[in-house]
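Welcome! Have a look at the sequence and the 3D view below, and keep them open while you read. The notes that follow start with paired charges and then move on to enclosed spaces and the ligands.

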Amino acid sequence: MAHVVLDNCINCKYTYCAEVCPVEAFHEGPNFLVIDPEACIDCMLCVPACITGSIMEERDVPHSQRSMVRANAMLSQQWPSIIERKPAFPDAEEWDKVPGKRRFLEMW
Ligand code: SF4
Ligand code: SF4
């Protein structure tokens with residue numbers, strides 16, 4: 001079991017999550033962060049750190065978001081690690097809670 005970044009993170013990138021993770025489990029893509037399920041130790045520190053509420057324990061992920069579990073596992077093997085906070089996108093606040101953000105995910 002591991003924690004998973006859900007699609008509400010897309011186009012926000014606040015990155016508060018990455019700086020609190022004790023095991024460097026976060027990886028960064030063009031407009032999204034993911035968690036490496038092999039590295040995550042389920043400490044839950046990133047859950048309150050994420051101001052958009054985009055992180056959840058895998059077993060609690062709703063059916064509509066199950067594809068994001070696979071996306072975290074796959075993309076964390078391809079994207080570089082991120083361990084420090086960086087500035088969010090300037091329009092991050094406007095993107096928070098936009099429905100159906102999965103289609104905006106940039107893979108490369
Ligand atoms: S804090 Fe939340 S929204 Fe921001 S990058 Fe981390 S998971 Fe994504
Ligand atoms: S639950 Fe803990 S170990 Fe897993 S990604 Fe979040 S901060 Fe890192």
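Let's begin with one pair: Glu28 and Lys86 join through their side chains in a salt bridge, with 3.0 Å from N to O. Glu28 belongs to strand β2 (residues 26-28) and Lys86 to the loop between α3 (66-75) and α4 (92-95), so this contact ties together parts that are 58 residues apart in sequence. Please keep in mind that this is a predicted model.

**Salt bridges**

- Side chains of opposite charge can pair when their charged atoms come close.
- In this structure there are five salt bridges.
- Is Glu28 buried or exposed? With a relative accessible area of 14%, Glu28 is buried, because buried means under 20%.
- Its partner Lys86 counts as partly exposed, at 34% relative accessibility.
- Which residues are linked in a network of salt bridges? They are Lys13, Glu28 and Lys86, so you can find the pair from the opening here again.
- Another salt bridge joins Glu57 and Arg59, whose closest N and O atoms are 3.5 Å apart.
- Within that pair, Glu57 is buried, with a relative accessible area of 17%, whereas Arg59 counts as exposed at 59% relative accessibility.
- Asp96 and Lys97 form a salt bridge too, and their closest N and O atoms are 3.2 Å apart.
- Here Lys97 is exposed, with a relative accessible area of 54%, while Asp96 is partly exposed, with a relative accessible area of 24%.

**The largest cavity and ligand 1**

- How many cavities of 30 Å³ or more does the structure hold? There are two.
- The largest cavity has a volume of about 100 Å³.
- Its lining is made of 14 residues, and those nearest its centre are Cys9, Tyr14, Thr15, Cys17 and Cys50.
- Sorted by class, this lining has eleven nonpolar, two polar and one charged residues.
- What takes up the space of the largest cavity? Ligand 1 does.
- Around ligand 1 you will find Val5, Cys9, Lys13, Tyr14, Thr15, Tyr16, Cys17, Leu33, Cys50, Thr52 and Ile55.
- The shell around ligand 1 divides into eight nonpolar, two polar and one charged residues.
- Lys13 is worth finding on screen, as it is one of the residues around ligand 1 and also belongs to the salt-bridge network with Glu28 and Lys86.

**The second largest cavity and ligand 2**

- The second largest cavity holds about 80 Å³ of space.
- It is lined by 14 residues, with Cys21, Phe26, Cys40, Cys43 and Cys46 closest to its centre.
- That lining contains twelve nonpolar residues, along with one polar and one charged.
- Where does ligand 2 sit? Ligand 2 sits in the second largest cavity.
- The residues surrounding ligand 2 are His3, Cys21, Pro22, Val23, Phe26, Ile35, Cys40, Ile41, Asp42, Cys43, Met44 and Cys46.
- By class, the shell around ligand 2 comprises ten nonpolar, one polar and one charged residues.
- Phe26 is a handy landmark: it is among the residues closest to the centre of the second largest cavity, and strand β2 (residues 26-28) includes its position.

Definitions and conventions: Residues numbered from 1 in each chain as written. Chains lettered and ligands numbered in written order. Predicted model: local features only at pLDDT ≥ 70, side-chain atom pairs only at ≥ 80, totals over all residues. Heavy atoms only, no water. 1 Å grid on protein atoms, 1.4 Å probe; cavity = no way out; pocket = protein on both sides within 12 Å on 5 of 7 lines; lining within 4 Å. Points joined across faces, edges and corners; volume = space filled by probe spheres on them. Nonpolar A, V, L, I, M, F, W, Y, C, P; charged D, E, K, R; others polar. Near = heavy atom within 4 Å. Sits in = over half its atoms within 2 Å of the grid points. Salt bridge = Lys/Arg side-chain N within 4 Å of Asp/Glu carboxyl O. Helix = DSSP H or I, 4+ residues; strand = E, 2+ residues; numbered from the N terminus. Buried < 20%, exposed > 50% of the residue type's maximum accessible area, 1.4 Å probe, protein only.
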